[in-house]
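Let's take a walk through this fold together. Keep the viewer open and follow along as we go.

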Amino acid sequence: MDLPLAPAIRRTLHDAIEQGLTGYLPPAAQQAAERAAAAWQHRRYGWAVDPADVHLTTSVLRALQVMLDHLTPPGTPVVLPVPAYMPFLDVPALAGRELRTVPMTHTADGAITFDLDAIAAALVPGAVLVLTNPHNPTGRVFTAAELRAVADVVDAAGALVFADEIHAPVVFDGRRHVPYATVSDRAAEHTVTGTSASKGWNIAGLGCAQLIVSGAAMRERWATVPFLVQHGVGPLGALATAAAYDEGQAHLDATVGYLQRGRDLFVRRLAEVVPTVPVAPIEGTYLAWVDLRSVDRSVADLQAAARVRGVDGQACGAPGFLRLNLALPHPLVGELADRLGRAIDA
Ligand SMILES: Cc1ncc(COP(=O)(O)O)c(C=O)c1O
């Protein structure tokens, strides 16, 4: 994200450096982050999380690895709706798991959603469904009804969910993020949630995410997890996380407003040049998912011609699309749209 850091985080980091907090994670910083993360879930999304159920990891990807290595039956497959955040196509193999991708589908009014039949067909008892909401790369923010329908399918299969909610703070147009674990008691039981302040407040480089357990069985399994899985989280990440959740709400709301106006600018400017190129409605995240399948050039060629760099949809499991990051100052968002539009139109 190429936008200013929240003043509270900047201040916290300066203070931490002045205090020489560059060693291992002090318990007070760890507890501050866990307590702040739990309080944020409650305040922002209405999810009553016990701080004792919040566990710090260096990243959300690490949280998924921890779930696969320590919290789920060995050898079960990972089911991944595609398009997906690129590393999710690789992490299962690193954990020695089979990856089963299932294509996403469209609702009657054209929104991208889950193909429940395909998910049901891919799930087996103990399988892990990776559910990203808000969704990278499409920008969808799933409704409680959609999530409940997924939970029913998962429950019927005796499967589990890794709920990646890293983009939860960034939702647009007055939407409210619904934590998957809150949609039913059964969902809470079968879920491990991975989240972080890293997207909303741009602190991914500080290496602090949260793994949240919400069911009795997971809590029991967590008790057997070796300490090493939390190793590597440092004081700067933990303190910045606590500052973000405790003191960063106004900054976040301003950032989300700015990102929403940037989204509108991008969509308008691209449509002015190439009105027939569809962009999936961006309900949250700061990603644009541009459908270039009707364009007679490769996604790589178009990026080179436009001199822009995004992610080729192929890497997300969906060739013919381009994923762009819009967390930029508005003049650059406009230029991005203009350059891409001109390259498509050439
Ligand atoms: C949906 C999603 N999950 C996970 C990640 C990676 O997060 P982390 O660096 O905490 O592993 C990203 C980063 O872009 C993401 O968009």
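Start with the aromatics: in this predicted model, ring pairs tie Trp-40, Tyr-45, Trp-201 and Tyr-245 into a cluster. Searching the whole structure turns up seven aromatic pairs. Take Trp-40 and Tyr-45: their ring centres sit 6.2 Å apart with the planes at 90 degrees, so this pair counts as edge-to-face. Trp-201 and Tyr-245 also make an edge-to-face pair, at 5.6 Å centre to centre and 85 degrees between the planes. That second pair bridges distant parts of the chain, with Trp-201 sitting in the loop between β8 (191-195) and β9 (209-213) and Tyr-245 in helix α9 (residues 235-247), 44 residues apart. As for exposure, Trp-201 and Tyr-245 are both buried, and Trp-40 and Tyr-45 are buried too.

Two members of that cluster, Trp-40 and Tyr-45, are among the buried residues of helix α2, along with Ala-29, Glu-34 and Gln-41, to mention some others. Is the helix as long as its residue count predicts? Let's put that another way: what span should the 19 residues of helix α2 (residues 27-45) have at 1.5 Å a residue? The expected figure is 27 Å, and the end C-alpha atoms are indeed 27 Å apart, which agrees. The buried residues of α2 pack against β1, β8, β9, α9 and α10 (249-273). Right after α2 comes Gly-46, with a positive phi near 75 degrees.

One of the packing partners of α2 is β9, so named above for the loop that holds Trp-201. Strand β9 is mostly covered, with five of its five residues buried. Ala-209, Leu-211 and Val-213 point one way from β9, while Gln-210 and Ile-212 point the other way. That fits a general pattern: in a regular strand, side chains alternate between the two faces of the sheet. Which strands pair with β9? Strand β1 (residues 54-57) does so in the antiparallel sense over four bridges, with Val-54 standing opposite Ile-212. Strand β8 is joined to β9 by four bridges as well, and these two also run antiparallel. Here the bridge partner of Gly-194 is Leu-211 in β9.

Now move to strand β6 (residues 128-132), where the pairing is parallel. Five of the five residues of β6 are buried, so the strand is largely enclosed by the rest of the structure. Val-128, Val-130 and Thr-132 point one way from β6, Leu-129 and Leu-131 point the other way, and all are buried. Strand β2 (residues 78-82) pairs with β6 in the parallel sense over two bridges, and Val-79 has Leu-129 in β6 as its bridge partner. Strand β7 (residues 160-164) also runs parallel to β6, joined to it by five bridges. If you want a pair of residues to click on, Val-130 stands opposite Phe-162 in β7. To get from β6 to β7 the chain passes through helix α6 (residues 144-157), and this β-α-β crossover is right-handed.

Further along the sequence there is an open sheet of three strands, ordered β10-β12-β11, with antiparallel pairing. Which strands form its edges? They are β10 (287-291) and β11 (311-312), each of which pairs on one side only. β10 and β12 pair in the antiparallel sense over five bridges, and the bridge partner of Val-290 is Leu-322 in β12. On the other side, two bridges join β11 to strand β12 (residues 321-325), again antiparallel, and Val-311 stands opposite Arg-323 in β12. Four of the five residues of β12 are buried, so β12 is largely enclosed by the rest of the structure.

Finally, step back to the annotation. An unreviewed UniProt entry lists residues 7-340 as "domain: Aminotransferase class I/classII large". In the model, the end C-alpha atoms of residues 7-340 lie 34 Å apart, and the span is 41% helix and 15% strand.

Definitions and conventions. Residues are numbered from 1 along each chain as its sequence is written. This is a predicted model: local features need pLDDT of at least 70, side-chain atom pairs count only at pLDDT 80 or more; totals for chains, interfaces and linings use all residues. Side-chain values use heavy atoms; hydrogens and water are left out. Rings of Phe, Tyr and Trp (its six-membered ring) pair if their centres lie within 6.5 Å; planes under 30 degrees apart count as stacked, over 60 as edge-to-face and the rest as tilted. Buried means under 20% relative accessible area, exposed over 50%, partly exposed in between (1.4 Å probe, protein chains only). Two strands pair if DSSP finds at least two bridges between them. A crossover is right-handed if, with the strands pointing away from the viewer, the path from the first strand over the helix to the second runs clockwise. UniProt positions are given in the numbering used here, feature names are shortened, and annotations may be inferred rather than shown by experiment. The expected span of a helix is 1.5 Å times one less than its number of residues. Contact means heavy atoms within 4.5 Å.
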